[in-house]
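Work through the exercises below with the sequence and the coordinates at hand. Each task is followed by a solution in steps.

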Amino acid sequence: MIQTREDIRNVAIIAHVDHGKTTLVDQLLRQSGVFRENQEVQDRVMDSGAIERERGITILSKNTAVKYKNTKINIVDTPGHADFGGEVERILKMVDGVVLLVDAFEGVMPQTKFVLMKALALNLPVIVCINKIDRPGARPAEVVDETLELFMDLDATDEQLDAPFIYASAKDGYAINNLDDEKKDMTPLFEAILKYIPAPTGDPDANTQVLISTIDYNDYVGRIGIGKVSNGCLKLNQNAVVVNHHDPDKRENVRITKLYEFEGLQKVDVDEADIGSIVAISGISDLHIGDTICGTDGDPVAIPFQKISEPTIAMNFMVNDSPFAGTEGKFVTSRHIRDRLYRELNTDVSLRVEDTDSPDTFKVSGRGELHLSVLIEEMRREGYEFAVSKAEVLYHYDENGKKLEPMEKAYVDVPDEFQGVVIQKLSERKGELIGMHSITGGYTRLEFSIPARGLIGYRGDFMTDTKGNGILNTVFDGYAPYKGDIAYRKQGSLIAFEAGEAVTYGLFAAQDRGTLFIGPGEKVYSGMVVGSSSRAEDIEINVCKKKHLTNTRTSSSDEALTLVPPKILSLEQALDFIETDELLEVTPEHLRIRKKILDPLQRKRAMIRKNNSQ
Ligand SMILES: Nc1nc2c(ncn2[C@@H]2O[C@H](COP(=O)(O)OP(=O)(O)OP(=O)(O)O)[C@@H](O)[C@H]2O)c(=O)[nH]1
Ligand SMILES: [Mg+2]
């Protein structure tokens with residue numbers, strides 16, 4: 001018989017990037033007494049990954065749980081960046097409702113729409129929380145209207161439209177039901193969760209079903225599967241069967257040797273978990289996201305795992321074959337790289353990895369440049385060395401064989417004075433301006449429909465053009481007929497002409513030709529890209545060139561030459577910069593850009609052949 005677990009609520013916090021999800025979870029943890037009095041707790045404590053902390057964004061969704069009154073609230077913090085939307089999609093099956101945060105200043109943003117769409121599609125009840133009402137310029141009343149409009153755009157049912165609205169400042173630790181209520185604490189949000197998020201239901205007597213929505217990893221216990229007990233119950237040391245909805249042949253008999261539930265930031269051992277509980281299970285080495293753990297009384301039935309949105313861009317990851325290959329990395333062979341990439345698929349459901357014609361090259365597809373660059377960064381920190389190619393979009397073809405390309409909606413907030421240059425650059429990249437209105441503080445919001453490939457390599461330009469004051473948000477917007485070739489002025493590369501060590505004299509002569517990426521003392525090889533050219537074509541330069549020593553000493557010594565400090569590219573900037581005939585060499589210590597063909601003569605021949613064939 002179906003029963004309800006009144007003592008549990010399972011809720012996910014969803015929103016556009018930076019609207020305050022992780023900060024809100026901090027407050028829920030704090031105000032439910034998870035931390036000891038005067039315990040030092042860092043801000044955004046759920047962002048526990050090294051890259052998450054460095055960048056200040058959430059990358060992986062994570063579970064926590066708090067006790068409010070007599071109810072256990074399992075909370076899933078999710079990432080808001082569009083590239084990690086797959087993380088949100090995969091955990092929605094674990095919860096019975098969501099809190100949708102909307103920034104009271106920024107209002108509804110592209111990813112607000114994406115995550116709400118996914119929640120509504122699963123019929124999950126929504127609590128809308130207008131956050132950051134403390135912000136100067138906050139416009140909560142307008143944002144409520146925007147949010148209601150969004151519900152209507154998404155064809156919400158009347159019931160869904162009836163969603164409760166709450167106002168909050170996650171930073172200052174309060175939530176209120178009405179704007180003129182006293183600002184005290186998070187009680188109104190806790191109460192709303194109890195009231196509006198339904199308690200989980202299930203049949204405790206049916207055969208056990210636990211859909212695995214997350215795979216976590218820990219050096220001591222290995223893989224940890226996380227999911228909700230939908231039916232039956234799970235007991236320590238019981239036998240179980242792992243089945244998969246999409247892979248009916250997969251049936252594995254296992255034993256549950258470790259079972260946990262969440263409590264604050266910890267996982268605590270439990271002997272038994274009943275319907276509605278969110279559990280973590282370790283000790284099953286071959287467990288994947290989307291698998292269902294079933295009991296052994298009765299036929300095991302998998303719970304359908306919803307289809308995750310497809311990747312839109314791809315890069316080749318390949319064995320590094322530069323002259324410096326293998327000198328800096330610990331894991332460098334094709335076998336290492338292949339194993340590592342395929343391993344990533346266990347935890348990341350929106351990634352694809354494919355073998356290619358070359359045993360040394362793997363095609364890796366993801367949801368955006370940041371998605372792939374985070375993987376690259378993880379791998380180099382683990383000691384991997386490899387090379388990657390420029391990101392390219394994944395085309396589709398319709399039934400008539402017509403080429404379709406991924407489109408994005410780009411929302412650009414810029415100070416008014418930079419509007420012109422942004423519109424010009426995005427138009428060159430086949431962006432179509434579809435909306436424009438001024439927002440507070442001398443900013444304008446521009447809305448573009450643009451091919452995804454038009455945005456590749458644009459972020460660097462955007463930051464320069466807006467002097468770092470612009471905000472660019474993009475969201476996948478389906479496929480549309482190919483918009484034609486994009487011909488915007490590209491910057492050429494400055495290419496090292498011979499191998500050696502860059503010296504001041506050589507660099508000084510080279511710096512007039514563009515912007516250098518390296519300084520003196522850096523080792524280079526022929527065909528390595530050492531800067532960006534101020535012109536459209538590539539230029540070869542000799543950065544290792546020493547001053548000719550003559551008998552008559554001149555007064556200008558090497559030291560007297562002043563070099564402009566080099567522009568050291570970050571991983572994203574480097575990925576942005578490279579062209580299709582270039583690669584990025586990634587090692588734990590260095591990022592080097594290089595020509596695919598290192599030899600200047602061969603490179604020229606290839607160029608001539610390419611031009612002739614066009
Ligand atoms: N003024 C103000 N700032 C806030 C509030 N809540 C969060 N912030 C700030 O907003 C920024 C982003 O907060 P996060 O909690 O990381 O946002 P998030 O939604 O988890 O971001 P992602 O996980 O990357 O999508 C931080 O600088 C917070 O301090 C708030 O209520 N008021
Ligand atoms: Mg976050």
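The domain assignment of this protein, shown here as a predicted model, lists domain 1 (3–200), domain 2 (203–295), domain 3 (396–481) and domain 4 (493–613). Between the C-alpha centres of domain 2 and domain 4 the distance is 54 Å.

**Exercise 1. Strand 4 and its partners**

Task: Determine which strands pair with strand 4, and in which sense.

Solution.
Step 1. Strand 2 (residues 8–15) runs parallel to strand 4 and is joined to it by six bridges. Within this pair, Ile8 has Lys72 as its bridge partner.
Step 2. Strand 3 (residues 62–68) runs antiparallel to strand 4, with seven bridges. Here Thr64 is matched with Ile75.
Step 3. Strand 4 covers residues 71–77, and five of these seven residues are buried, so the strand is largely enclosed by the rest of the structure.

**Exercise 2. Two lysines with positive phi**

Task: For Lys69, state whether the residue is buried or exposed. Do the same for Lys132.

Solution.
Step 1. As background, most residues other than glycine have a negative phi.
Step 2. Lys69 has a positive phi near 50°. Its place is the loop between strand 3 and strand 4, and the hairpin formed by these strands has two residues between them.
Step 3. Around Lys69 there are 10 other C-beta atoms within 10 Å; the limit for an exposed residue is 12 or fewer, so Lys69 is exposed.
Step 4. Lys132 also is not a glycine, and its phi is positive, about 65°. Lys132 sits in the loop between strand 6 (126–131) and helix 5 (140–153).
Step 5. Lys132 has 24 other C-beta atoms within 10 Å; a buried residue needs 20 or more, so Lys132 is buried.

**Exercise 3. Helix 1 and the ligand shell**

Task: Describe the shell around ligand 1, and find which element gives the largest share of it.

Solution.
Step 1. The shell around ligand 1 holds 21 residues, and the closest are Gly20, Thr22, Ile57, Thr58 and Gly80.
Step 2. By type, the shell divides into five nonpolar, nine polar and seven charged residues.
Step 3. Helix 1 (residues 21–31) supplies the largest share of the shell, three residues.
Step 4. Helix 1 is itself mostly covered, with nine of its eleven residues buried. Among the buried ones are Lys21, Thr22, Asp26 and Leu29.
Step 5. The buried residues of helix 1 pack against strand 2, strand 3, strand 4, strand 5 (97–103) and strand 6.
Step 6. After helix 1 comes Gly33, with a positive phi near 75°.

**Exercise 4. Ile256 in its loop**

Task: Locate Ile256, and list what Ile256 touches beyond its sequence neighbours.

Solution.
Step 1. Ile256 belongs to the loop between strand 14 (251–255) and strand 15 (258–263).
Step 2. There are 21 C-beta neighbours inside 10 Å of Ile256, so Ile256 counts as buried.
Step 3. Leaving out residues up to four places away in sequence, Ile256 touches Leu234, Lys235, Leu236, Asn237, Gln238, Ala240 and Ile281.
Step 4. For a distance check, Pro140 is 116 residues from Ile256 in sequence, and the C-alpha to C-alpha distance is 48 Å.

**Exercise 5. The largest nonpolar core**

Task: Name the members of the largest nonpolar core that touch the most other members.

Solution.
Step 1. In soluble globular proteins, nonpolar side chains tend to be buried together.
Step 2. The largest nonpolar core has 154 residues, and Val98, Leu100, Cys129, Val279 and Val530 touch the most other members.
Step 3. Taking Val530 and setting aside neighbours within four places in sequence, its contacts are Leu494, Ala496, Leu516, Phe517, Ile518, Val524 and Val543.

**Exercise 6. Strand 36**

Task: Work out which residues of strand 36 are buried on each face, and which strands pair with strand 36.

Solution.
Step 1. In a regular strand the side chains alternate between the two faces of the sheet.
Step 2. In strand 36, Glu582, Leu584 and Val586 lie on one side, Leu583 and Glu585 on the other, and all are buried. Strand 36 (residues 582–586) thus has five of its five residues buried.
Step 3. Strand 23 (residues 386–389) pairs with strand 36 in the antiparallel sense over four bridges, and Ser389 stands opposite Leu583.
Step 4. Strand 37 (residues 591–595) is joined to strand 36 by five bridges, also antiparallel. In this pair Glu585 is opposite Arg592, and a hairpin of four residues connects the two strands.

Conventions
Residues numbered from 1 in each chain as written. Chains lettered and ligands numbered in written order. Predicted model: local features only at pLDDT ≥ 70, side-chain atom pairs only at ≥ 80, totals over all residues. Pairing = 2+ DSSP bridges. Near = placed C-beta within 6 Å. Nonpolar A, V, L, I, M, F, W, Y, C, P; charged D, E, K, R; others polar. Domains from an automatic or database assignment. Core = buried A, V, L, I, M, F, W, Y, C linked by C-beta atoms within 7 Å. Contact = placed C-beta atoms within 7 Å.
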